[in-house]
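Grab a coffee and open the viewer: here are some short exercises to work through. Try each task yourself before reading its solution.

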Amino acid sequence: MAKLNENYLNIEEGYLFAEIARRVAEYQKNNPDKKIIRLGIGDVTLPLSENVVNAMIQGVKDQGAAETFHGYGPEQGYEFLRDAVSAYYKSFGVDVPSDEIFISDGAKSDTGNITELFDKDNIILVPDPVYPVYVDTNMMGGKNVYYMAGTADNGFLPMPSDADLPAGKAADVIYLCSPNNPTGAVYNKDQLKEWVDYANANGSVILFDAAYEAFIADETLPRSIYAIEGARTCAIEFCSLSKTAGFTGTRCGYTIVPKDIKVMSTAGVEMSPHAMWFRRQSTKFNGVSYPVQRGAEAAFSAEGMAQCRKNIEYYKENARIIADALDKANIRYTGGAHSPYIWFECPDGMSSWDFFDKLLNEVQVVGTPGEGFGKNGAGFFRLTGFGSREATIEAVERIKSVL
């Protein structure tokens with residue numbers, strides 16, 4: 001008789017965004033004449049830039065000629081794209097060797113799949129509020145998940161002292177996300193240095209999600225954890241072109257695993273997460289398609305980056321429009337300045353799911369309830385700047401009526 005992975009019994013039956021989609025679909029079915037504006041899921045709306053599209057078209061043409069056809073690609077991704085990523089990091093002062101870069105189909109996949117490298121007895125530390133993938137994928141593997149509280153008091157940027165760990169224990173694996181999803185808060189260099197020092201002192205590994213790094217406008221704020229001294233011996237970084245270049249439907253990202261990270265096995269054998277990730281990817285993943293990688297390469301070109309920045313500024317202006325309405329209503333929030341997300345307190349002490357239902361039923365606007373990101377999200381709500389300008393302006397006018 002087959003046995004299933006009973007760890008699935010320990011996670012919520014429905015993924016947060018699947019539950020949101022269910023509620024919206026039910027409302028739309030019962031109210032087909034109502035126009036719903038969606039500012040919940042962080043999906044982009046602007047099209048791919050022209051140079052990206054042209055590069056992808058050329059990539060497809062390459063596949064149609066014998067002399068330029070490509071079959072299985074290199075396990076880590078094509079060198080031309082890894083070199084482009086490395087050059088991109090150099091543009092903001094961070095040195096990442098191209099042979100430490102692994103091209104993938106996105107940060108979501110990699111932040112979940114990386115759990116396979118770690119023993120189930122590790123203490124996994126995640127922020128609360130938290131991007132659900134960090135928790136759910138570890139729970140699926142039967143890992144020990146503990147939380148560090150992100151609250152309004154610490155600016156939703158939890159530090160080691162905010163961790164709720166067993167007495168005398170340190171975290172083995174630490175998830176950090178900056179700019180943070182869902183709160184939009186950003187760690188400064190001193191705060192990240194404290195985390196890096198903690199990890200190196202305790203033999204921990206930091207899993208750093210930098211998916212929104214391109215939204216950071218302040219040059220004093222780190223866009224990569226490798227801007228912090230000591231990070232190369234303790235941190236793995238994940239990033240994606242989903243929000244940077246509008247690749248949510250195209251799928252391309254990358255993970256950086258420094259060769260300097262070394263962990264001793266229980267038998268005293270030195271193990272390398274870089275070598276392990278290479279082994280894992282080459283066994284379970286056949287890579288991102290050649291045309292998509294050509295498109296990603298084009299996104300990192302000077303022309304491509306100019307278009308990306310233009311789109312990012314568009315989304316940030318949407319976030320500013322939302323923030324202005326909250327300012328006028330004297331509602332406290334984080335995010336927006338260096339993030340596409342606005343994280344704010346629900347009015348009148350409402351629960352976040354009640355506020356979700358109120359917005360949907362009364363003004364037909366969809367956001368994301370903070371409770372879906374953890375207990376510290378109770379009473380908070382997330383809106384995104386990823387809608388069109390027209391939809392954002394209309395949504396804000398609707399929301400004003402219920403604040």
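The exercises below deal with a strand, a cavity, a pocket and some cysteines, all in a predicted model.

**Exercise 1. Work out whether strand E15 is buried or exposed, and find its partners.**

Step 1: Find E15 at residues 380–384. Buried means under 20% relative accessible area, and five of the five residues here pass that test, so the strand is largely enclosed by the rest of the structure.

Step 2: Look at where the side chains go. Phe-380, Arg-382 and Thr-384 point one way, while Phe-381 and Leu-383 point the other way, and all are buried.

Step 3: Now for the neighbours. Strand E12, residues 341–345, pairs with E15 in the antiparallel sense over five bridges; in that pairing Tyr-341 has Thr-384 as its bridge partner. Strand E14, residues 368–369, is also antiparallel to E15, with two bridges, and there Thr-368 partners Arg-382.

**Exercise 2. Describe the largest cavity: its volume, and what lines it.**

Step 1: The cavity has a volume of about 60 Å³, and the model holds five cavities of 30 Å³ or more.

Step 2: List the lining. Ile-322, Ala-325, Leu-326, Phe-344, Leu-383, Val-396, Ile-399, Lys-400 and Leu-403 line this cavity. Helix H10 (302–328) and helix H12 (389–400) are the elements that give two or more residues.

Step 3: Sort by character. You get eight nonpolar residues, no polar ones and one charged.

**Exercise 3. Do the same for the second largest pocket.**

Step 1: Its volume is about 470 Å³.

Step 2: The lining has 21 residues, and Gly-42, Lys-108, Tyr-131, Tyr-212 and Lys-243 lie nearest the centre. Helix H4 (107–113) and helix H7 (241–244) each supply at least two lining residues.

Step 3: The lining splits into ten nonpolar, five polar and six charged residues.

**Exercise 4. How many disulfides are there, and why is Cys-308 not in a bond?**

Step 1: Recall the chemistry: a disulfide is a covalent bond between the sulfur atoms of two cysteines. The cut-off used here is 2.5 Å between those sulfurs.

Step 2: Searching the whole structure gives zero disulfides. Cys-252, for one, is in none: the nearest cysteine sulfur, in Cys-239, is 11 Å away.

Step 3: Turn to Cys-308. The closest cysteine sulfur to its own is that of Cys-239, at 11 Å, which is too far for a bond.

Step 4: Check accessibility too. Cys-252 is buried at 1% relative accessibility, and Cys-308 is buried with a relative accessible area of 6%.

Terms used. Residues numbered from 1 in each chain as written. Predicted model: local features only at pLDDT ≥ 70, side-chain atom pairs only at ≥ 80, totals over all residues. Heavy atoms only, no water. Buried < 20%, exposed > 50% of the residue type's maximum accessible area, 1.4 Å probe, protein only. Helix = DSSP H or I, 4+ residues; strand = E, 2+ residues; numbered from the N terminus. Pairing = 2+ DSSP bridges. 1 Å grid on protein atoms, 1.4 Å probe; cavity = no way out; pocket = protein on both sides within 12 Å on 5 of 7 lines; lining within 4 Å. Points joined across faces, edges and corners; volume = space filled by probe spheres on them. Nonpolar A, V, L, I, M, F, W, Y, C, P; charged D, E, K, R; others polar.
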